[in-house]
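Good morning, colleagues. Please look at the structure as it comes up; I shall speak about the ligand site and then about the sheet.

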Amino acid sequence: MSQPISTAVKIGTAEAPDGGAIPRHVAIIMDGNGRWAKARSLPRAAGHREGAEALRRIVRAAAEFGVDYLTVFGFSSENWKRPAEEVTDLMGLLRLYLRKEIAEIDREGVRLRVIGDRDRLSDDIIKLIEDAEQRTGANTRLNLTVALSYGGRAEIVRAAQRLAKAVRAGSLDPEDINEDSFHRHLFTADIPDPDLVIRTSGEKRISNFLLWQSAYAEYVFMDKLWPDFAGEDLKSAIAEFGGRKRRYGAAG
Ligand code: IPE
Ligand code: IPE
Ligand code: MG
C-alpha cells in the first residue's frame, strides 16, 4: 500500500520525470465513478467506494511527487440534484472517510481543509470536518483541500455579497474592491491558484470547479475513470504539465 510510486521523482524536489516543473498546486475533478460501476454491472455506490480508494492512493502519490497543494472535487453544489439514495450513499462514504482516514492523513503530515457550502451538510459531518481541520491544521507536507457542496459561481457570488456587506457597514471603500480583496473572500483565500487541473473520465468541461482560481491553470483531460486512476496517471499528467509553456498573456 505504501510502496513508493516513483523512483524518478524524489520527495520535495521540483523536478518532474521529464525534467519539467512540478506543479505546486494540482486540482482534480474526480469523475467517472458511475461509469466505472456501470461497466461492471455494479451499483453506482460501488463506483463511489472505489473512487474513495483512488483518492487515498492519489493523496499519497501527490505527497511523494512533491506537490504542495492537492484540491479535489468531491461533491458539487449541483450534485444535490442526484437521487436521494445516491446523495445518502455519498454522504455515508464521506463520514467513513472523515472517521477512518483522518488518523492516517494526520500521520502522513497532510493538512485537510474543506471548501464549499457547509450549511447544506448535516451537523455530524460538519463536526467531523471541523475536528479533522483542527487535528491536521499544523501539518505541512501536503495541503489537501476537498471541495464539498462546492460550486465556483456560488463561491464568487458569496464573495461579492461579503464585499457588499463590508461596503454597507462602512469598513470597505468600493474603490478597494480589486482582485486581491476579492480573492480574500473566496473559500481559497489561503490557498494559491491551481497550476494544473486534471479531469478524469473523458469529459472535457470544468463543471463549475474553481472558476476564479483556474484562470491560468493548465488543463489535462484524461480518459481513465476516476476509480482506475493511479499514481502513474498523476505522474503522466505532471509530465505533460512540465512540457507546457505558460505565458499569462505575455508574448511567448
Ligand atoms: C464522480 O463520479 C463523483 C461525483 C460526482 C460525486 P460520477 O458519479 O459523476 O460518475 P459518472 O460521471 O456518472 O460516471
Ligand atoms: C463534477 O462531476 C463534480 C465532481 C466530480 C464532484 P459531475 O459528474 O457532477 O459533472 P457533470 O454533470 O458531468 O458536468
Ligand atoms: Mg460525472
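Asp-31 has a polar side-chain atom 3.2 Å from an oxygen atom of ligand 2. Please bear in mind that this is a predicted model. Two arginines make comparable approaches to ligand oxygen: a polar side-chain atom of Arg-82 lies 3.3 Å from an oxygen atom of ligand 2, and for Arg-205 the distance from a side-chain N or O atom to a ligand oxygen is 2.8 Å. On its own, ligand 2 has 390 Å² of accessible area, of which the protein covers 77%.

Which other residues surround ligand 2? Among them are Ile-29, Met-30, Phe-73, Gly-74, Phe-75, Asn-79, Arg-199 and Ser-207.

I turn now to the sheet. The sheet is open and has six strands, with parallel pairing, in the order S3-S4-S2-S1-S5-S6. Strand S3, residues 110-115, and strand S6, residues 218-221, each have a single partner strand, so each stands at an edge with one side left without a neighbour in the sheet. On average, neighbouring strands are turned by 20 degrees against each other, direction ignored.

At the S3 edge, six bridges join S3 to the parallel strand S4, residues 142-150. Within this pair, Val-114 stands opposite Val-146 of S4. Helix H5, residues 123-136, packs on the sheet and touches S3 and S4, its direction making about 145 degrees with that of S3.

Finally, helix H3, residues 84-100, lies across S2, S3 and S4. Its direction runs at about 150 degrees to strand S2, residues 69-76. Thank you for your attention.

Notes:
Residues numbered from 1 in each chain as written. Chains lettered and ligands numbered in written order. Predicted model: local features only at pLDDT ≥ 70, side-chain atom pairs only at ≥ 80, totals over all residues. Heavy atoms only, no water. Pairing = 2+ DSSP bridges. Helix = DSSP H or I, 4+ residues; strand = E, 2+ residues; numbered from the N terminus. Axes fitted to C-alpha atoms, helices over the stretch in contact; angles between N-to-C directions. Contact = heavy atoms within 4.5 Å. Near = heavy atom within 4 Å. Polar contact = N/O pair within 3.5 Å; in protein donor to acceptor, adjacent residues only side chain to side chain. Areas by Shrake-Rupley, 256 points an atom, 1.4 Å probe, with all protein chains shown as cover.
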